[in-house]
Amino acid sequence: MNEIISREEAAEALRLVEASRASFRSAIRAYRGYQHLWVWGGVWIAQCLYIQLSAHPQGWVPNALVLVGIAGSMIVGRHQAQLVRKPIDRRFLAALAMLIGFGALAWPWVLAGHRPLPQQASQMYYAYTALVAMQCYALTGIWFDNYLLWVGLLLSLLIVVGYLFFLPWFWWWMALFAGGGLVASGFYVRSAWK
């Protein structure tokens, strides 16, 4: 089973990987995949600023903003579906569903033993859900393109740093680095991916 491959076979495998990456990048750019980054970056910025600046931060507005994000993603996705005629990778969707399911069901039980101070609870839960989303980006990067892996890992690191070291300014931090990071990533994908 430990067969040694020739230089030509290795070069061909690397060429196929690079061709797959180039195809993914052109599809994301051509079919407006970067708009999902803009939508969710905008939602995160709006949520964090609302929570920071509002007299009633636990109201219905942050949840309504999530619904706006879902609607925006559906609009972008519907437009993409009209342009893309490729089959959806069901294994990838199953992996994402398992990651989200694990994040939504298993980890809250683990975190239940950690009781944050009341003023820190909303920051902890927001950071947690943002980290689950960033792990989806990292998985997408592992599956398709390293760029999204690095976006997921870098924004995860920034979220953790914000929660651990900048808690008094957490919502400002999240608006700037998490939401702003997604928006900036969308601009990078749109302008730099050729």
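This briefing goes from the overall fold to aromatic pairs, one helix, one salt bridge, a buried glutamine and a surface patch.

The model is predicted, and the protein in it has 7 helices and 0 strands, so that from the N terminus on the elements read α-α-α-α-α-α-α. Of its 194 residues, 32% count as buried, and the accessible surface comes to about 12,400 Å², with 69% of that area belonging to carbon and sulfur atoms. When contacts between residues at least 6 apart in sequence are considered, 75% of them join residues at least 24 apart.

**Aromatic pairs**

- The structure holds 7 aromatic pairs, and one of them is formed by Tyr126 and Trp171, whose ring centres lie 5.1 Å apart with the planes at 75 degrees, so the pair counts as edge-to-face.
- Because Tyr126 belongs to helix H5 (residues 118-143) and Trp171 to helix H7 (residues 170-192), this pair ties together parts that are 45 residues apart in sequence.
- Tyr126 is buried, at a relative accessible area of 11%, and Trp171 is buried as well, at 8%.
- Phe170 and Trp171 form another edge-to-face aromatic pair, with 4.9 Å from centre to centre and 80 degrees between the planes, and Phe170, like Trp171, is buried.
- Ring pairs link Tyr126, Tyr163, Phe170 and Trp171 into a cluster.

**Helix H6**

- Helix H6 (residues 146-165) has 20 residues and spans 28 Å from its first C-alpha to its last, which is close to the 28 Å expected at 1.5 Å a residue.
- The buried residues of H6 include Tyr147, Leu148, Leu149, Val151 and Gly152 towards the start of the list, followed by Leu155, Ser156, Ile159, Gly162 and Tyr163; of these, Tyr163 is also a member of the aromatic cluster.
- Val160, which lies in H6 too, is partly exposed, with a relative accessible area of 34%.

**Salt bridge in helix H1**

- Side chains of opposite charge can pair when their charged atoms come close.
- The structure holds 1 salt bridge, in which the side chains of Arg15 and Glu12 meet at 2.6 Å, taken from N to O.
- Both Arg15 and Glu12 lie in helix H1 (residues 7-30), where they are 3 residues apart, or about one turn of the helix.
- Arg15 is partly exposed, with a relative accessible area of 45%, and Glu12 also counts as partly exposed, at 34% relative accessibility.

**Gln47 in helix H2**

- Gln47 lies in helix H2 (residues 34-53) and, at 6% relative accessibility, counts as buried.
- Once neighbours within four places in sequence are left aside, Gln47 is in contact with Pro62, Leu65, Val66 and Tyr126, and Tyr126 is the residue of helix H5 that pairs with Trp171.

**Nonpolar surface patch**

- A nonpolar patch on the surface is formed by Leu53, Val160, Leu164, Phe165, Phe166, Trp169 and Trp172, which together have about 760 Å² of accessible area.
- H6 gives the most to this patch, with 3 residues, and Val160, a patch member, is one of the residues that lie in that helix.

Technical notes: Residues are numbered from 1 along each chain as its sequence is written. This is a predicted model: local features need pLDDT of at least 70, side-chain atom pairs count only at pLDDT 80 or more; totals for chains, interfaces and linings use all residues. Side-chain values use heavy atoms; hydrogens and water are left out. Helices (H or I, at least four residues) and strands (E, at least two) are DSSP runs, numbered from the N terminus. Buried means under 20% relative accessible area, exposed over 50%, partly exposed in between (1.4 Å probe, protein chains only). Contact means heavy atoms within 4.5 Å. Accessible areas come from the Shrake-Rupley method with a 1.4 Å probe; for residues, only the protein chains shown count as cover. Rings of Phe, Tyr and Trp (its six-membered ring) pair if their centres lie within 6.5 Å; planes under 30 degrees apart count as stacked, over 60 as edge-to-face and the rest as tilted. The expected span of a helix is 1.5 Å times one less than its number of residues. A salt bridge is a side-chain nitrogen of Lys or Arg within 4 Å of a carboxyl oxygen of Asp or Glu. Patches are made of residues with over 30% relative accessible area and no salt bridge: like charges are joined within 9 Å, nonpolar side chains (Val, Leu, Ile, Met, Phe, Trp, Tyr) within 5 Å.
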